Amino acid sequence: MATTAEQMRAWQGPAILSFGFRPFFLLGAAWAAIAMVVWVMMLSGNSPLLTAFDPVAWHAHELLFGYLGAVLAGFLLTAVPNWTGGLPVTGWPLAGLVALWLIGRIAVAVSAALPPYAAMALDLALPVALAGVLLREIIVGRNWRNLPVLSLLAIWMLANAGFHIQALGDGLPAYGAELRLGLLAAIMLISLIGGRIVPSFTRNWLVQQKATRFPAIAGRTDKIILLATAIALAAWVAAPEHAATAALCGLAGLGQTYRLFGWQGRQTSAEPLVWVLHVAYAFVPLGFFAIAGAALLDYPTAAAQHVWMAGGIGLMTLAVMSRASLGHAGRPLKATPAITALYVALIVSVAARFMAGLAPGEDWPLHLAAGAWILAFGGFAVIYFPILARPKLARKAPSGGKVAAR
């Protein structure tokens, strides 16, 4: 049986189809920027779409299920072979998965012209296929440790289906339990996978810096914090305005803060590729505190949700995409000033969006948030296009020669 490297070298087509992260990260980032431009047009009353979703619902859906779907596909299709020892999906099968994602985006955009439930079926095609790939790899590789990832992916798909069903009725899906359920799955995925990669990447970098203190090793406390996180999120899905939910979210926020503090992020200020992971993960506890504050202080819940939507999901995915793309493409793991500017732009966007939620009568924070978001993800697509579209750089052999690029 061919090894992963041999299968990748055997592919003679476009380099962008040689590994899952390449097309999905590029298209996902481009879509994040384009969708924001379309959202601004919808707000001005100039919608170019024939969607059955109301403007707020379309905007929320295309971030939580459209954009995130592309990033999850790129990440899992790249990471799962490393987790299980299986072969990656490359070439035309990968192109087929990309086509499913594109069809989903088109179907949602023109859903008003399609038969009922057609857009839902087309939109769910990629996540169903992705879940099938993940399940196969877990079973073949007996990698039961990653069953929670598959379970959360299933919850996220269920939330997407519920979002579509509610949009077909008289409800407002952007304010319903379906959106909150999708956010539950996303924040738990960040907590679970982020709990692996943030301390791991931080440790690797600190070793290179000859540091003496390293991230805490995951143990029983880590599991308790994850359980508290799941309970708080479940309470928020079921009863978002209840005082008990606010208390549970506050406790989960404290636990996640304690967890993050143990990962030694304060030592990483010299490398943006590392510190951005810590800043991105910080939006998980900040989101819990914002949700608790919305219940207790009576400010708009939308402002609190965007701490997770734009901050937790947006910045964490941007951080992971920017780092993974460099590493898997054979580039140095070093953030250029342009890449660092992407992180700063997105942090500004999150802060401005939260401010816009607190001051709904002011337009400039919303415009700033949208502009900075477009700059961050549009900038990623421009900067990373040559990295993602070209073959992996050859590695230098110890003798000074070169070994084949993969």
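## A tour from an aromatic cluster to two pockets

Start by selecting Phe 65 and Phe 163: both are buried. Keep in mind as you go that this is a predicted model.

**Stop 1: the aromatic cluster.** Add Phe 53 and Trp 156 to your selection, since together with Phe 65 and Phe 163 these residues form one aromatic cluster. Across the whole structure, a search finds 14 aromatic pairs. Look at Phe 53 and Phe 163 in this cluster: the ring centres are 5.7 Å apart and the planes meet at 55°, so the pair is tilted. Phe 53 is in the loop between α2 (21-43) and α3 (55-84), while Phe 163 belongs to helix α7 (residues 147-168), so the pair ties together parts 110 residues apart in sequence. Is Phe 163 buried or exposed? Its relative accessible area is 0%, so Phe 163 is buried. Phe 53, at 8% relative accessibility, counts as buried too.

Now swing round to Phe 65 and Phe 163. Here the centres lie 5.8 Å apart with the planes at 65°, so this pair is edge-to-face. It links helix α3, home of Phe 65, with helix α7, home of Phe 163, across 98 residues.

**Stop 2: charges over rings.** Select Arg 266 and Phe 261: the charged end of Arg 266 sits over the Phe 261 ring, 4.2 Å from its centre. Then try Arg 323, which lies over the face of Phe 201 at 4.0 Å from the ring centre.

**Stop 3: helix α12.** Select residues 301-328, which make up α12. With 28 residues at 1.5 Å each, the helix should span 40 Å, and its end C-alpha atoms are 39 Å apart, which agrees. Of those 28 residues, 24 are buried, so α12 is largely enclosed by the rest of the structure. After the helix comes Gly 330, with a positive phi near 80°.

**Stop 4: the largest pocket.** Its volume is about 710 Å³. To find it, select Tyr 175, Thr 301, Ala 302, His 306 and Arg 353, the closest to its centre of the 33 lining residues. Which helix gives the most to this lining? That is α12, with 5 residues. The lining of the largest pocket divides into 21 nonpolar, 6 polar and 6 charged residues.

**Stop 5: the second largest pocket.** This one has a volume of about 550 Å³. Select Gly 195, Ile 217, Ala 218, Gly 219 and Asp 222, which of its 23 lining residues are the closest to the centre. Helices α8, α9 (220-238) and α10 (243-261) each supply at least two residues of the lining, which holds 11 nonpolar, 5 polar and 7 charged residues.

Note on methods. Residues are numbered from 1 along each chain as its sequence is written. This is a predicted model: local features need pLDDT of at least 70, side-chain atom pairs count only at pLDDT 80 or more; totals for chains, interfaces and linings use all residues. Side-chain values use heavy atoms; hydrogens and water are left out. Helices (H or I, at least four residues) and strands (E, at least two) are DSSP runs, numbered from the N terminus. The expected span of a helix is 1.5 Å times one less than its number of residues. Buried means under 20% relative accessible area, exposed over 50%, partly exposed in between (1.4 Å probe, protein chains only). Rings of Phe, Tyr and Trp (its six-membered ring) pair if their centres lie within 6.5 Å; planes under 30 degrees apart count as stacked, over 60 as edge-to-face and the rest as tilted. A charge sits over a ring if NZ of Lys or CZ of Arg is within 6 Å of the ring centre and within 35 degrees of the ring normal. On a 1 Å grid over the protein atoms alone, a cavity is a set of points where a 1.4 Å probe fits but cannot get out, and a pocket is an open set with protein on both sides within 12 Å along at least five of seven lines; lining residues have an atom within 4 Å of a point. Grid points are joined across faces, edges and corners, and a volume is the space filled by probe spheres set on the points. Ala, Val, Leu, Ile, Met, Phe, Trp, Tyr, Cys and Pro count as nonpolar, Asp, Glu, Lys and Arg as charged, and the others, Gly among them, as polar.
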